[in-house]
Amino acid sequence: GHFVDSGPGVPWWTIEDECRASLAAIVGASPDEVVPMNSLTVNLHLLLAAFYRPTPQRHEILIEASAFPSDEYAVQSVV
């Protein structure tokens, strides 16, 4: 497999467990209180792709004027 020969030696689907303790120490939390995730823009896009179901009455999305451009692009990708 890909990770066996040249990778960190752990399956890719549990790789986040390897950094959980370090992340917890950085933010002053316990390891079971932190979750390594994607960037905010990726998470926004994933949420919109999964849950945004426009109707004729409810089809607009409000976003703050000072949002990162990539966040605006994520919203524009679903409207």
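Let me start with a word I'll use a lot: contact means heavy atoms within 4.5 Å. Helices here are DSSP runs of H or I with at least four residues, numbered from the N terminus.

Two quick notes on the source. This is a predicted model, where local features need pLDDT of at least 70, side-chain atom pairs count only at pLDDT 80 or more, and totals for chains, interfaces and linings use all residues. Residues are numbered from 1 along each chain as its sequence is written, and side-chain values use heavy atoms, with hydrogens and water left out.

Now, helix H3. Its buried residues (under 20% relative accessible area, 1.4 Å probe, protein chains only) are Thr41, Asn43 and Leu48. Looking down the axis of H3, these buried residues fall within an arc of 160°, taken from the directions from the helix axis to the C-beta atoms, so they line one face of the helix. And what do the buried residues of H3 pack against? Their partner is helix H4, residues 69–76.

How do the two helices sit together? H3 and H4 pack at an angle of about 15°, and their axes, lines fitted to C-alpha atoms over the stretch in contact, are 9 Å apart. That makes H3 roughly parallel to H4 (angles under 35 degrees). From H3, the contact uses Leu40, Thr41, Leu44, His45 and Leu48; from H4, Ser70, Asp71, Ala74 and Val75.

Let me finish with Ser70, which lies in helix H4. Ser70 has 33% relative accessibility, so it counts as partly exposed (between 20% and 50%). Its C-alpha atom is separated by 9.8 Å from that of His45, and the two residues are 25 residues apart along the chain.

Conventions: Axes are lines fitted to C-alpha atoms, for helices over the stretch in contact, and angles run from 0 to 180 degrees between N-to-C directions. Angles under 35 degrees count as roughly parallel, over 145 as roughly antiparallel, 65 to 115 as roughly perpendicular and the rest as oblique.
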